[in-house]
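Good morning, and thank you for coming. Please look at the sequence and the structure as they appear, and keep both in view while I speak.

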Amino acid sequence: MSIERILIPTDFSETAELAVAHGAYMAQLFNAKIFLLHSIQYPAYALLPEEPTYMQQVIPLDEDKIEQQLNQAADEIVKKYKVELSCLTLSGRPASSIAEAVNENNIDVIIMGTHGTSGFDEFFIGSNTNRVVTTVDCPVLSVQKLAQKVGFRNIILPIDNELHSRQKVNNAIELANAYKSTVHILGLLEDDEDESDEKKLALRLGTVKDALEHARVPFSCTLRRGQNPAVEAMKYSDEMKGDLILVMRGHESTVGRAFLGPFAEQLVNHSKIPVMSIKPEDTTIEVFDDTTGGTGVII
């Protein structure tokens with residue numbers, strides 16, 4: 001994972017400003033450029049109650065004012081954080097605008113608030129978060145309004161017996177090196193998994209520990225059982241004073257399509273700390289070695 005270009009969607013809300021703070025700090029660490037995006041949704045219309053066959057515009061947009069507000073925000077960010085920044089304004093639904101910005105600007109990571117105001121309400125919560133993280137190929141870092149602390153000293157790395165679970169190990173290593181973090185490996189078993197599942201997970205955890213040792217990243221490792229893995233991950237994060245959780249999006253190899261998945265969805269919607277959602281590589285069989293933690297290749 002190479003971070004050179006960071007996209008931060010903004011609706012000028014308090015949570016968006018928090019995403020900016022996280023993004024600016026990341027830009028400083030990786031010497032990356034920020035792309036500040038505002039999505040313009042044209043204009044809203046409503047049926048007239050007395051004449052339902054007619055429409056009236058209910059939210060007129062002042063594009064010049066929006067541009068001025070975006071440029072002002074950009075100037076403040078550059079002045080405060082001393083980072084390179086470009087402004088983007090795109091029209092359309094936010095998820096589509098973000099996907100377009102990612103493709104046109106070769107974005108490496110998106111950092112976004114999970115709650116917003118005005119036009120971004122619909123995007124930042126519920127199924128629309130699923131829509132954006134499954135549309136783009138790059139990692140998406142979602143920031144809740146409670147995530148006031150900037151920087152990641154303790155990275156939570158959940159690992160289970162799913163096929164793609166370990167693909168995020170290299171992401172954890174690169175972030176840990178940049179942020180001077182400790183990685184806390186959390187092996188997760190559900191209550192109905194048996195002894196053979198536990199042995200399989202132990203082998204997976206062994207390759208993860210080997211990868212972190214090889215990269216000289218400090219780490220801890222523990223194993224937990226529970227009915228709901230996402231709840232266990234959040235409990236563990238609280239115990240370890242976690243600053244970031246890394247998750248893989250779900251994956252349907254037969255159709256080459258990613259989806260958020262119940263584990264990632266619960267974390268994105270309910271975690272008090274930032275969550276980075278990573279798209280799995282399109283593989284059917286994973287091959288892992290002791291030095292990389294696994295890249296996922298077809299054999």
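I shall go through the chain as a whole, then a residue in a helix, then the salt bridges, and finally some surface and loop residues.

Let me begin with the whole chain. Please bear in mind that this is a predicted model. The chain has nine helices and 14 strands. It is made of 299 residues, and 50% of them count as buried. About 14400 Å² of the chain is exposed, with carbon and sulfur atoms supplying 48% of that area. If we take the contacts between residues at least 6 apart in sequence, 75% of them join residues at least 24 apart.

Ile 77 offers an example of such contacts at the level of one residue. Where is Ile 77 found? Its place is in helix H2. Is Ile 77 buried or exposed? With a relative accessible area of 8%, Ile 77 is buried, because buried means under 20%. Once neighbours within four places in sequence are left aside, Ile 77 is in contact with Val 20, Leu 36, Lys 82, Val 83 and Leu 85. Consider Val 20 from that list: Ile 77 and Val 20 are 57 residues apart in sequence, and their C-alpha atoms are 8.0 Å apart in space.

I turn now to the salt bridges. How many salt bridges does the count come to? The count comes to seven. I shall present three of them.

One of these salt bridges joins Glu 84 and Lys 33, whose closest N and O atoms are 3.9 Å apart. Glu 84 belongs to strand E5 and Lys 33 to strand E2, so this pair ties together parts that are 51 residues apart in sequence.

Another is formed by Asp 137 and Lys 279, with 2.4 Å between the closest N and O atoms. This pair links distant parts of the chain, 142 residues apart: Asp 137 is in the loop between helix H5 and strand E7, and Lys 279 is in the segment after strand E14. Asp 137 is exposed, at a relative accessible area of 56%, whereas Lys 279 is partly exposed, at 29%.

In a further salt bridge, the side chains of Lys 149 and Asp 243 meet at 3.1 Å, N to O. Lys 149 lies in the loop between E7 and strand E8, and Asp 243 in the loop between helix H8 and strand E11, so the pair ties together parts that are 94 residues apart in sequence. Asp 243 has a relative accessible area of 6% and is buried.

Let us move to the surface. Which residues gather in a patch of negative charge there? They are Glu 162, Glu 190, Asp 191, Asp 192 and Asp 194. Of these, Asp 191 can be placed in the loop between strand E9 and helix H7.

I close with two residues and their backbone angles. Phe 12 has a positive phi of about 70 degrees, although it is not a glycine. Phe 12 sits in the loop between strand E1 and helix H1. Lys 82 is not a glycine either, and its phi is positive, at about 60 degrees. The loop that holds Lys 82 runs between helix H2 and strand E5. Lys 82 counts as exposed, because its relative accessibility is 67% and exposed means over 50%. We met Lys 82 earlier, as one of the residues in contact with Ile 77.

Thank you for your attention.

Conventions:
Residues are numbered from 1 along each chain as its sequence is written. This is a predicted model: local features need pLDDT of at least 70, side-chain atom pairs count only at pLDDT 80 or more; totals for chains, interfaces and linings use all residues. Side-chain values use heavy atoms; hydrogens and water are left out. Helices (H or I, at least four residues) and strands (E, at least two) are DSSP runs, numbered from the N terminus. Buried means under 20% relative accessible area, exposed over 50%, partly exposed in between (1.4 Å probe, protein chains only). Patches are made of residues with over 30% relative accessible area and no salt bridge: like charges are joined within 9 Å, nonpolar side chains (Val, Leu, Ile, Met, Phe, Trp, Tyr) within 5 Å. Accessible areas come from the Shrake-Rupley method with a 1.4 Å probe; for residues, only the protein chains shown count as cover. A salt bridge is a side-chain nitrogen of Lys or Arg within 4 Å of a carboxyl oxygen of Asp or Glu. Lys and Arg count as positive and Asp and Glu as negative; His and the chain ends are not counted. The place of a charge is taken as NZ of Lys, CZ of Arg, CG of Asp or CD of Glu. Contact means heavy atoms within 4.5 Å.
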